[in-house]
Amino acid sequence: MCGIVGYLGPQDPKKVIIEGLKKLEYRGYDSAGIAVLHDGKTKRIRAEGKLKQLEDKVLNENFNGNLGIGHTRWATHGPAVEKNAHPHQVGEISIVHNGIIENYLEIKKELIERGAHISSDTDSELVAHLINEEIQVTKDLLLAVQKTLSKLIGAFSVVVLWEKSPNELVAFKDGPPLIVGINEKSSEYFVVSDVQAALNYTKNFVYLEDREIVHIKKEGIKYYSALGAPLKKQVITLDWTSSQVEKMGFKHYMLKEIYEQPHAVASALQPHINMQTLEVNLNNVGFENPVEEVLKKIERVMFVACGTSFYAANVAKYLIEQLARIPVDIDIASEFRYRKPMIPANTLLVTVSQSGETADTLAAIRMAKEKGALTLSITNVMRSSIDREAHGHLYMNSGVEVGVASTKAFTSTLALVNLLAVQIAKARGVLNKDAEQTCVKNLLAVPSQLEMVLAFDKYFSEAAKKLKEFKGFLYLGRGVSYPIALEGALKLKELAYMHAEGYAAGEMKHGPLALIDSKMAIVVVAPTDELIDKTISNLQEAKARGGKIISIGSGENLALKSMSEYYLSIPEANWMTNPIISVVPLQLMAYHMADSLGFDVDQPRNLAKSVTVE
Ligand code: M6R
């Protein structure tokens with residue numbers, strides 16, 4: 001979490017840094033700050049709250065240096081107040097930091113013993129102290145950073161500015177991403193947490209690996225290992241445009257991203273479907289051997305992910321077990337990494353992560369690799385840390401997802417796990433060609449089914465208005481709709497700050513029925529499938545106890561409609577593709593509720609998009 005921008009170049013650093021931070025605000029929005037050189041001195045301005053507060057504060061400030069660093073914070077150590085905002089300045093050194101210094105208490109104690117005055121509650125400030133101590137001795141920024149890096153334990157990325165050296169930045173990382181942007185023509189250099197922050201200025205980037213240091217000077221860039229060995233790094237040219245991160249007339253990024261889902265799902269599917277033969281082909285995921293050969297040997301599949309990505313993994317379990325008849329385990333990454341999991345031989349471990357940077361998921365894939373698993377990552381951000389770690393790669397191809405609440409990445413992932421289920425089933429010889437073609441046809445129908453759901457947005461918005469009257473929400477589903485109920489509840493919690501729980505509909509009588517009264521809404525995900533009658537029976541039990549039902553059903557399901565306060569219709573689809581379609585009304589209802597309550601939909605309180613701390 002936290003967004004970092006460092007800039008060296010001929011433009012006004014204030015402008016470039018603030019513009020970059022705007023693109024990174026999704027990473028944290030508790031406070032923000034910049035430090036820019038002016039008349040050879042560091043001028044630091046920080047503000048509590050969103051970036052806008054900082055923008056207002058620096059509006060009339062002028063800086064004449066070529067160098068600056070900026071930061072948007074998601075608080076870890078210490079509350080979101082100005083003294084804890086970055087950059088942290090100690091003497092001639094200013095730093096911005098993303099991540100956690102795990103040995104900070106030890107460092108703090110030693111610094112205090114040496115007479116340091118600590119002015120914030122953060123672990124970050126201590127890094128500035130350490131570098132400032134070293135620079136007094138070395139008078140060399142690179143050396144001071146190298147010496148400091150050897151004292152730090154944790155997950156961090158840091159950019160350092162030394163006011164004595166107006167054309168130099170040093171940055172390093174061990175964990176959270178840090179990417180160098182280079183525009184040789186205009187002699188501009190950037191160090192950013194995400195390429196989006198520099199895309200307006202360059203398409204050429206170098207991704208730093210853990211414990212690498214970049215030394216940026218006006219004359220050029222050099223890379224070093226933590227021990228000071230020079231490194232050769234590859235410059236990657238991206239073909240992304242910054243317009244992909246604009247709102248394009250939508251009120252919020254989230255709404256735009258919900259509406260992009262037909263296209264996003266089609267883009268996820270397209271690289272892996274042969275339109276002539278209607279066959280699935282995952283040969284392009286990058287495994288060393290042909291995919292069928294690889295998957296034939298697999299005896300177990302394990303999915304590891306967090307949040308919405310974990311719910312996508314839940315859906316994958318239903319799809320892959322039922323279609324391919326192979327055991328599938330699912331784990332929340334933060335649990336998986338510490339429960340000493342058994343990873344049997346011939347396991348395919350799949351991670352799902354929109355950002356590709358989630359710290360726990362990254363740790364999980366590294367651990368699985370060490371234990372000999374074959375790994376496959378499903379990510380949206382190409383060349384993200386998790387993507388770079390995996391043996392095989394599936395891309396959501398959703399385009400940049402800015403809204404903190406994940407939407408299009410979820411539905412694109414569901415499309416990809418459909419493909420994975422088909423490919424594994426084929427490799428195991430349990431899916432004939434006709435059945436495969438049927439699966440593919442069902443998938444190809446999804447983008448237009450999504451368009452149909454979106455065309456009914458006004459009904460979801462009306463339902464959302466009514467739903468505000470309830471004090472709590474139970475989201476129910478069975479089979480593949482159960483994870484969709486979990487996802488619906490998460491969307492409502494994170495956006496509208498309302499208490500919502502997802503439950504397997506069959507579990508109601510084992511406890512949650514006690515919650516039911518006239519203020520408790522029951523939102524049921526009940527598209528037509530082989531479990532629909534059982535779901536309806538569970539709803540009868542809830543209705544008999546005064547429960548108010550809001551249902552999502554396929555076409556005109558009269559039985560469901562007659563028992564519901566609101567019935568929201570979605571197109572008839574297949575059991576495997578139903579989840580991709582049935583989640584959209586839940587996304588839209590949560591969106592409209594939050595918006596009408598006046599909440600910040602794109603940046604819900606206390607959250608961040610990319611969770612790079614554990
Ligand atoms: O980038 P990832 O998919 O790894 O992120 C995982 C979760 O942090 C993320 O899905 C989170 O739960 C979203 N805010 C949900 O909308």
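**View 1. Salt bridges across the predicted model.** This is a predicted model. How many salt bridges does the count come to? The total is 32. Views 2 to 4 take up some of the residues involved.

**View 2. E61 and K43 form a salt bridge.** Their side chains meet at 3.0 Å, N to O. E61 sits in the loop between α2 (51–58) and β4 (67–73). K43 belongs to strand β3, residues 41–48. The two are 18 residues apart, and the pair links distant parts of the chain. E61 is partly exposed, at 24% relative accessible area. K43 is also partly exposed, at 25% relative accessibility.

**View 3. E82 and K57 form a salt bridge.** The N to O distance here is 3.1 Å. What does this pair tie together? E82 lies in the loop between β4 and β5, and K57 lies in helix α2, so the contact joins parts 25 residues apart in sequence. Is E82 buried or partly exposed? Its relative accessible area is 34%, so E82 counts as partly exposed. K57 has a relative accessibility of 38% and is partly exposed too.

**View 4. R339 meets D331, and a network joins five other residues.** The side chains of R339 and D331 form a salt bridge at 2.4 Å, N to O. R339 is partly exposed, with a relative accessible area of 40%. D331 counts as buried because its relative accessibility is 10%, under the 20% cut-off. Which residues are joined into one network by salt bridges that share partners? They are K173, D210, R366, K369 and E389.

**View 5. Seven strands make an open antiparallel sheet.** The strand order is β5-β6-β7-β8-β12-β13-β14. Which are the edge strands? They are β5 (88–90) and β14 (230–231), and each pairs on one side only. Inside the order, β8 (residues 168–174) runs antiparallel to β12 (residues 212–217). Six bridges join these two strands. One residue to find is F172, whose bridge partner in β12 is I213.

**View 6. Helices α4 and α5 contact the seven-stranded sheet.** Helix α4 spans residues 124–138. It lies across β5, β6 (93–101), β7 (154–162) and β8. Its direction is at about 135 degrees to β6. Helix α5 spans residues 141–149 and packs on the sheet. Which strands does α5 touch? The strands are β6, β7, β8, β12 and β13 (220–225). The directions of α5 and β8 make an angle of about 20 degrees.

**View 7. Strand β21 is mostly covered and has parallel partners.** Strand β21 covers residues 374–379, and five of its six residues are buried. Strand β20 (residues 347–353) runs parallel to β21, with six bridges joining the two. In this pairing, L349 stands opposite T375 of β21. How does the chain cross from β20 to β21? The path goes through helix α11, residues 359–370. This β-α-β crossover is right-handed. Strand β22 (residues 392–395) is also parallel to β21, through four bridges. T379 has Y395 in β22 as its bridge partner.

**View 8. A35 is a buried residue of strand β2.** Strand β2 covers residues 31–38. The relative accessible area of A35 is 0%. Which residues does A35 contact, leaving aside its neighbours within four places in sequence? The list is T42, K43, R44, L67, G68, I69, P87, S94 and L161. K43 also appears in View 2, in the salt bridge with E61. The C-alpha atoms of A35 and I95 are 8.6 Å apart, while the residues are separated by 60 places along the chain.

**View 9. C2 and C306 are in no disulfide.** How many disulfides does a search of the whole structure find? The search finds zero. For C2, the nearest cysteine sulfur is that of C306, 18 Å away. A disulfide needs sulfur atoms within 2.5 Å, so this pair does not count as one. C2 is buried, at 6% relative accessibility. For C306, the nearest cysteine sulfur is that of C2. C306 is partly exposed, with a relative accessibility of 25%.

Definitions and conventions
Residues numbered from 1 in each chain as written. Predicted model: local features only at pLDDT ≥ 70, side-chain atom pairs only at ≥ 80, totals over all residues. Heavy atoms only, no water. Pairing = 2+ DSSP bridges. Contact = heavy atoms within 4.5 Å. Axes fitted to C-alpha atoms, helices over the stretch in contact; angles between N-to-C directions. Buried < 20%, exposed > 50% of the residue type's maximum accessible area, 1.4 Å probe, protein only. Right-handed = clockwise from strand over helix to strand, strands pointing away. Salt bridge = Lys/Arg side-chain N within 4 Å of Asp/Glu carboxyl O.
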